[in-house]
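Colleague: I am new to reading models of proteins, and I would be glad if we could go through one together, feature by feature. Could we begin with the sheets and then turn to the spaces between the atoms?

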Amino acid sequence: MLSTPWSHGMGLEVPIVNAPMGGAAGGALAAAVSRAGGLGMIGIGSSGSAALLEDELTLVSDGGRPFGIGLVHWRIAMEPELLTTALRANPTLLSVSFGDEWSWVQRAHDAGVSTATQVGDLEAARRAVDAGVDVVIARGAEGGGHGEPTVGTLPLLSAVLDHVAVPVLAAGGISSGRGLAAVLAAGASGAWLGTAFCACTEALTPAVTRRALLAADETSTVTTRVFDIAQGFRWPAHLPERTLRNAFVDRWDGRENELVHDHSAQEQLTAAITARDHSLAPVNAGQGVRALTDEQPAAVVIDRFVDQAAELLGHWGDRSAD
C-alpha cells in the first residue's frame, strides 16, 4: 500500500481523498472510500442543507473509519447550522472552501477537528496557513466543479509545496494512477480526487449523468458561470465551474448580463435539471473525464490508482538505484 506521513497520521491506508462534490459525494460514497482505506468526504454544495448533511452522516458515523465533511463557505453564511452540524459529527477532517473569513477554523480546532481548504494560487495558500488551516488542497484549473481556474495543478502544487509548511493535497486532473504517482513524487501528501469517483456505483450521480460523463473526453469541458447565474447561486465571479459543454453554455457564455434578466432561460434550465436533460443541464467534470470508462465501486477505483502508482514509483526507484 502507498502511504505518506500525512495519510498515516490520519489513520488512512492510502493517500487518497474523495473530493466533497455536492450532488455526488454523499454518505454512501464517503463510506466506501473510507472502507477502501482512503478518506471519504461528504460534500454539501450550492443547494445543500444541514438536514441533508444529517441524513448523509447516518451512512458513515457508525463505520468506525475516518471520514470528512466538505462545505462551501457562502452556504455556511446563509445557513450557520451547517457548520454546527458538521462539527457535531466529529469528522476526521473538515474542509471549508471558497471564502475569505476564517472564524470556522478556530471553531473546528476547539472541537478537536482538523481543517482544510482549497486554494487556487500561492497567496491563497499563504492566507489559509496564516489563518491556522491544517491542510491545504492545491486545486488546479483542470479540476471539475467550482474553483479559481488560474493555475494548472502541477505548477500550483510546486509553488505551494515550496512555500508552505503544512501538508498539501493535490487536486485537479488526477485521473489515473499515473497522476497519483506524479503528485506524490512531487511531494504532495495525498490526492484529492473528484471526477474519478463521479461514476462510482456508490455516488449520488444519477444514471443519465453517469452516461454523459462516460461519453466525454478531455476536450468536452469548459469553465462557465452561466449555470450559477441562471439558478441564482451566490458563487463569486472569480469562481466559475468546470462542466461538460452543452447547448446552454454555447448559447449563454459571454452573455451573462442578459441571462440575469432572462426568466424564460432560467425556467428552461430549471426544467432541464428536473428532467436531467444534459443537453441543457450542467454536469460537473474535470479535464481527466476521459479516464472514466465504466461504473465501478469506489474500492476498485482506489485499488487501480494505488496499484499503478505503486508500480510506477517503484520502477522509478529501481531506475534511480542503477
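Modeller: Let us begin with the smaller matter of one sheet, and please keep in mind throughout that this is a predicted model. Strands S7, S11 and S10 form an open sheet in that order, and their pairing is antiparallel. The edge strands are S7 (145-146) and S10 (221-224), each of which pairs on one side only.

Colleague: How many bridges join S7 to S11?

Modeller: There are 2 bridges between S7 and strand S11 (residues 241-244), and these strands run antiparallel. If you look for Gly-145, you will find that its bridge partner in S11 is Arg-242.

Colleague: What is the strand order in the open sheet of 8 strands?

Modeller: The order is S1-S9-S8-S6-S5-S4-S3-S2, and here the pairing is parallel. At the edges stand strand S1 (16-18) and strand S2 (40-44), each paired on one side only. Neighbouring strands of this sheet are turned against each other by 25° on average, with direction ignored. As one pair to follow by eye, take strand S3 (residues 67-72) and strand S4 (residues 93-97), which pair in the parallel sense over 5 bridges, and where Leu-71 stands opposite Val-96 in S4.

Colleague: Which strands does helix H3 lie across?

Modeller: Helix H3 (residues 50-57) lies across S2 and S3, and it runs at about 155° to S2. Helix H7 (residues 122-130), in turn, lies across strand S5 (114-119) and strand S6 (135-139), running at about 160° to S5. In total, the secondary structure of the protein comes to 16 helices and 11 strands.

Colleague: How should I read the overall dimensions of the protein?

Modeller: Along its principal axes, the C-alpha trace spans about 65 × 45 × 40 Å. For a protein of 322 residues, a compact globule would have a radius of gyration near 20 Å, so the 19 Å of this protein agrees with that expectation.

Colleague: How does one look for empty space, and how many cavities of 30 Å³ or more does a search of the whole structure find?

Modeller: The general idea is that rolling a probe the size of a water molecule over the atoms shows where empty space is left. In this structure the search finds 1 cavity of 30 Å³ or more, and about 30 Å³ of space lies in the largest cavity. Among the residues that line this cavity are His-73, Val-96, Phe-98, Trp-102 and Thr-117, and the lining divides into 4 nonpolar, 4 polar and 1 charged.

Colleague: What is the volume of the second largest pocket, and which residues are closest to its centre?

Modeller: The second largest pocket has a volume of about 380 Å³. Of the 17 residues that line this pocket, Phe-98, Gly-99, Ala-124, Arg-127 and His-238 are the closest to its centre. S5 and H7 are the elements that give two or more residues to the lining, and S5 gives the most, with 3 residues. By residue class, the lining holds 7 nonpolar, 6 polar and 4 charged residues.

Colleague: Phe-98 has now come up twice, so to speak; where does Phe-98 lie, and what is its phi?

Modeller: As a general background, most residues other than glycine have a negative phi. Phe-98, however, has a positive phi near 70°, and it lies in the loop between S4 and helix H6 (103-110). Asn-90 also has a positive phi, of about 55°, although it is not a glycine, and its place is in the loop between helix H5 (81-88) and S4.

Definitions and conventions: Residues numbered from 1 in each chain as written. Predicted model: local features only at pLDDT ≥ 70, side-chain atom pairs only at ≥ 80, totals over all residues. Heavy atoms only, no water. Pairing = 2+ DSSP bridges. Helix = DSSP H or I, 4+ residues; strand = E, 2+ residues; numbered from the N terminus. Axes fitted to C-alpha atoms, helices over the stretch in contact; angles between N-to-C directions. Contact = heavy atoms within 4.5 Å. 1 Å grid on protein atoms, 1.4 Å probe; cavity = no way out; pocket = protein on both sides within 12 Å on 5 of 7 lines; lining within 4 Å. Points joined across faces, edges and corners; volume = space filled by probe spheres on them. Nonpolar A, V, L, I, M, F, W, Y, C, P; charged D, E, K, R; others polar. Rg over C-alpha atoms; globule rule 2.2 N^0.38 Å.
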